[in-house]
Amino acid sequence: MSASRAFAAGDTVMLIDGRNRRYLVTLTEGGEFHSHRGVLAHAAIVGAPEGSRHLSTLGTRYVAVRPSLEDVVLHMPRGAQVIYPKDLGAMTMLADVAPGQRVMETGVGSGALSIALLRLGATVTGIELREDFAARARANVRAYAGAELAARWDVRLGDAYEPIAPPPDGPWDRVLLDIPEPWRVSAQAPDILRLGGTMVAYTPSIVQAMQVRETMGRGWVDVRTLEVLHRTWHVEGRAVRPDHRMVAHTAFLTAGRWVGSGLDEDALPGALLGGLDDRVEE
């Protein structure tokens, strides 16, 4: 087990107060964290271990820890709306992202999905239409993923609705889409996604999901659309109940595997290449 490393200038810390309010802070030489509950000098945190306690000038107590990926996604600077952690987890699981895989994503937004993919060990190519979003994503990936992981990430300015050129070494292993009209990219699957590769599309509306599904007919298997609902619980002694608020619908996730339109359907008894049929012939 690796030992806890003391905080240093340049590190990002999460400060948590007694009411579980959370503040993402990047430590700098001579820097200060300001709030209406007082001032906390960065120098008091630099050199301290994870879990150390600190007191502001007005007596507010904070615990300093290293931020989780969930903390980073919810609190990092953003241009575009980020994908919620509940959906990031489901997307990377549905896509079966693993170390060494080559992944394409469009568009990169604020970089939340990029960071999640890099931390899973993938080599990521992002396609982003807007320069301001690409600039924000670059800053966030460098700040919260680190230089070592950022070396496996390349964001390109471009229009994903135009024909996409695959890498020189062949189509990508995984394709993840977070754009208004993902069906215009999923239709390019024969050119951009390897056989057996997986695509996942993030769409706020069911109409968008339906249009994606229309492009996932012949040549696709294991096609499904789902949403993830996140509800926390209030637990205080024996008083236990669901919290009054929950993160309910944010988006529909549509996933499928590309197996190629040239396969013989008769070779797959009981299967439809737009999704497996659960009937088994006697």
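Two strands are taken to pair if DSSP finds at least two bridges between them. In the predicted model described here, strand E11 (residues 193–203) and strand E15 (residues 252–258) are joined by 6 bridges and run antiparallel. Within this pair, Tyr202 has Leu253 of E15 as its bridge partner.

The pair belongs to an open sheet of 7 strands, whose order is E9-E8-E7-E10-E11-E15-E12 and whose pairing is mixed. E9 and strand E12 (220–226) are the edge strands, each of them pairing on one side only. On average, neighbouring strands of this sheet are turned by 15 degrees against each other, direction ignored. Helix H3 packs on the sheet and touches E7, E8, E9 and E10. The direction of H3 makes about 170 degrees with that of E7.

Parallel pairing is found around strand E8 (residues 123–128). Strand E7 (residues 102–106) pairs with E8 in the parallel sense over 5 bridges, and Val103 has Val124 as its bridge partner in E8. E8 is also joined by 5 bridges to strand E9 (residues 153–157), and these two strands run parallel. Here Glu128 stands opposite Leu157 in E9. Strand E8 is mostly covered, with 5 of its 6 residues buried. As a general point, the side chains of a regular strand alternate between the two faces of the sheet. The connection from E7 to E8 involves helix H3 (residues 112–119), and the three elements make a right-handed β-α-β unit.

The loop between E7 and H3 contains Ser110. This residue has a relative accessible area of 2% and is therefore buried, the cut-off being under 20%. Leaving aside neighbours within four places in sequence, Ser110 is in contact with Met76, Pro77, Arg78, Gly79, Ala80 and Val82, and also with Arg136, Ala137 and Asn140.

A second buried residue, Val212, is found in helix H8 (residues 206–214). Val212 counts as buried because its relative accessibility is 0%. Residues up to four places away in sequence not being counted, Val212 touches Pro182, Trp183, Ser186, Met199, Ala201, Thr203 and Thr254. The C-alpha atoms of Val212 and Glu181 are 8.2 Å apart in space, while the two residues are 31 residues apart in sequence.

Glu181 also takes part in a salt bridge with Arg184, in which the closest N and O atoms are 3.0 Å apart. Glu181 has a relative accessibility of 29% and so counts as partly exposed. Its partner Arg184 is likewise partly exposed, with a relative accessible area of 37%. In general, side chains of opposite charge can pair when their charged atoms come close.

The count of salt bridges in the model comes to 14. One of them joins the side chains of Arg130 and Asp132, with an N to O distance of 2.6 Å. Arg130 is partly exposed, with a relative accessible area of 41%, and Asp132 is partly exposed at 42%. Another salt bridge is formed by Asp154 and Arg156, whose closest N and O atoms are 3.0 Å apart. Asp154 has a relative accessibility of 35% and counts as partly exposed. Arg156 is partly exposed as well, with a relative accessible area of 39%. Salt bridges also link Arg102, Asp169, Asp173 and Arg194 in a network.

The confidence of the prediction was examined along the chain. Mean pLDDT for the chain is 90, and 91% of the residues reach 70 or more. Among the elements of the chain, strand E10 (residues 172–177) has the highest mean pLDDT, 98. The lowest mean, 43, belongs to strand E16 (residues 271–272). Over residues 266–282 pLDDT stays under 50. For that stretch, the model has 25 contacts beyond four places in sequence.

How values were computed:
Residues numbered from 1 in each chain as written. Predicted model: local features only at pLDDT ≥ 70, side-chain atom pairs only at ≥ 80, totals over all residues. Heavy atoms only, no water. Helix = DSSP H or I, 4+ residues; strand = E, 2+ residues; numbered from the N terminus. Buried < 20%, exposed > 50% of the residue type's maximum accessible area, 1.4 Å probe, protein only. Contact = heavy atoms within 4.5 Å. Right-handed = clockwise from strand over helix to strand, strands pointing away. pLDDT = per-residue confidence, 0-100. Salt bridge = Lys/Arg side-chain N within 4 Å of Asp/Glu carboxyl O. Axes fitted to C-alpha atoms, helices over the stretch in contact; angles between N-to-C directions.
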